[in-house]
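Trainee: Could you walk me through this one? I'd like to ask a few things as we look.

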Amino acid sequence: MKAAAVAIASLVALTALALLSPQWLVFMAMLMLAKGVVVLGLLVLMRTGLVSFGQGLYFGIGAYAAALLSHGLHVADAAVMLLAGAAAAALIAALLGLLLAGYRDIFFAMLSLAFSMILYGLLVKSAALGSTDGFNLHARTFFGVALAPGVERRVFLIAGAVFAVVVALLVHRLFRGHWGRLATGVRDNELRVSYLGASPYRAVYVNYLIAGAMAGLGGALAALAVGHVDPETTYWTTSGEFVFIAILGGTQSILAPFVAATIFEALRTVASQYAPNLWQMSLGLAMLAIIMFLPAGLWTLAERRRRSA
Amino acid sequence: MRPSSLRAVLAAFGLLLAMPASLAQQPIKVGIVTFLSGPAAGPFGIPARNAAELTAELLNAGTVPAPYTQKGFGGTPIELVIFDEAGGPQTQVAEYRNLVPRVDIVIGYISSGDCLAIAPVAEEQNKLTILFDCGTPRIFEDASYKYVFRTGPTGTMDNVSVALYLVKRTPNVKSIAGINQNYAWGQDSWADFENAMQTLKPGIEVKTSQMPKLFAGQFSAEITTLLGSGAEVIHSSMWGGDLEGLVVQGAPRGLFEKHKVVLSAGEPAINRLGTRIPDGTILGARGPFGPFAPDTDLARWLKTAYQGRYHIPPNYASFKMTQAILGVKAAYEKAKSSGNEAPDQDKIIAALENLTFEGPGGPVKMALGKGHQATMDAAVGTTKVENGQLKIVDIERYSADKVNPPDGVKSEAWIKSGLKK
């Protein structure tokens, strides 16, 4: 029941944050949640020993699905947008997963990257969607309840928090259960898993699907926060950012992606504030330091304290 | 959650909260956002930042010519807070929200995608935000804003003016072709040019439109297609490394001899390419900037001061940045003249709406987008190497109302429906 306690504590903390903090912090928290959800999806995939350099594909699909609802169909409901983002991404992941689940290692990484860049190319070529300029989106209701301007982002943050906590709890259950253990089995020795009568292909496929849907949810959440979508969401640097955050946090904990996403956003903001000419290099050095001194991510710090306590 | 990790999370949030502690209100703080890294930094971002630093310093010293002789903004010194525009619209929206509590005014944004994403956020945050360079007319054509202004002209007039120039210089032109970068800027520029040519010369033949990938750098295949197309005119809105690549790879193969080449945004390249740009190339500067600037005290001041400090002439990005700062100064001082106290933001906004002010490129009229979007005269010229120096000759000027749509009319529709006043 520790997980439930953590979930409730996080939810309370985020709700308090949504109600009390200044607008810019509400926005940062939303981006942090959005990225955290995507990276948590990446963690699910990493359990099977696979790294995707193309989560931007589903992040972008989620963002565009939400934005197109508002832009093309004039649906301005945030809850519908979030669900549509996750559903659209899951649909594409269900199709592409059929192919990708057959690949491993660098081949999987490169193929996933290739698919995200195909979507990027398509979006850049589509003048109707604003090409590289993208377009704005507006959400004005939540489950049909109209929101006053100014409070909408606070409501979206609470909604995002609920979605993120539910997803995190589900992933927690997944890791504890049959599927989660099978995934680590696939990572460690695929042949043995098949001899035991389980299908590694199916394990990878399901985890890929879950990761895709989560990236879609994250994309829709980010689109709601930013109020604008553009093809950069599917670009490889966006996908790279997710891998960066995953490495920063480490893969041991459900909370790590969210903490790492917060640190990443804060790091980038501080770096671009105090070193506007060197902020990319500051991020790069942070990455190098993590890989050299904490190869299992920042979460090892928390683990060490726990063990010494 | 264990207390220790909970504490870590809270500490992280505390850190975030503590960051943008608003500083003392003494000088007027101006946030400057321009590319400091990436491909757009060299041709636009750095020249714009240099111009911002130079202009702020000389304004504070009170050495800018009339009508800007007063120190700072209405006697109060200005202080710049400079940010990098790299990272895409999502990053920029995050950085903009962090910037807002720390500054009084934001001036920035070169990428149209960033401008489109920032404008609604500026409105939500009630922060006076001046877009200085981005080109897309969509910003004020698809929405209207109170807090957002753009002191540079839109991309519409770039391609309308080169089309007018072309038709005047070569009245019998029968066919055109294009090579533009495949992203919003290239697509929009080509569409504007093609539509303007169709309007001016109905039935003109479009031989081919090449759309290489942005930052491709290598254009051998496209140049071959263009050389074989038989088009009289080749239009390109390329910039930066791609433009240099096109000139360096196209010139030896006779692209510029066999065809009339139009570089609608070619001006920033002349400082780097110089005499390597073949004679007879038609060049635009996205307004009366750089070598196209009218001979005024203000233009001479910017050129001399900039050249003196950075040892290179200011290009159009530099002109537009200085223009944006001077525009805010003009509005600030107009708002202040009615009282002695520092004007609040609403007064500055009211003063800037529909304002006409003098920029280093000539008069700027905030004439479109309900008084929030600038129009300026356009200028187009032809390159010619004289005594080993690149010169711009045969400069034609077009008055602002001839190359911009009337307020409330969308650019695309205006070009297609005959470029009427």
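Here is our chat about the two chains.

Mentor: Quick ground rules: residues are numbered from 1 along each chain as its sequence is written, and chains are lettered from A and ligands numbered from 1 in the order in which they are written. This is a predicted model, where local features need pLDDT of at least 70, side-chain atom pairs count only at pLDDT 80 or more, and totals for chains, interfaces and linings use all residues.

Trainee: How many residues of chain B are in contact with chain A, and how do they divide into nonpolar, polar and charged?

Mentor: Contact here is C-beta atoms, placed from the backbone, within 7 Å. On that basis, 39 residues of chain A are touched by 37 residues of chain B. Chain B's side splits into 22 nonpolar, 11 polar and 4 charged.

Trainee: Which strands of chain B are the edge strands of the open sheet?

Mentor: Strands are DSSP runs of E, at least two residues, numbered from the N terminus, and two of them pair if DSSP finds at least two bridges. In chain B, 7 strands run in the order β7-β6-β8-β9-β10-β14-β15, with mixed pairing. Pairing on one side only marks the edge strands, β7 and β15 (389-398) of chain B.

Trainee: Which strand of chain B pairs with β6(B) over 5 bridges, and which over 3?

Mentor: Both pairings are parallel. With 5 bridges, including B:Gly178 to B:Ser209, the partner is β7 (residues 205-210) of chain B. With 3 bridges, the partner is β8 (residues 233-236) of chain B.

How values were computed: Two residues are in contact if their C-beta atoms, placed from the backbone, lie within 7 Å. Ala, Val, Leu, Ile, Met, Phe, Trp, Tyr, Cys and Pro count as nonpolar, Asp, Glu, Lys and Arg as charged, and the others, Gly among them, as polar. Helices (H or I, at least four residues) and strands (E, at least two) are DSSP runs, numbered from the N terminus.
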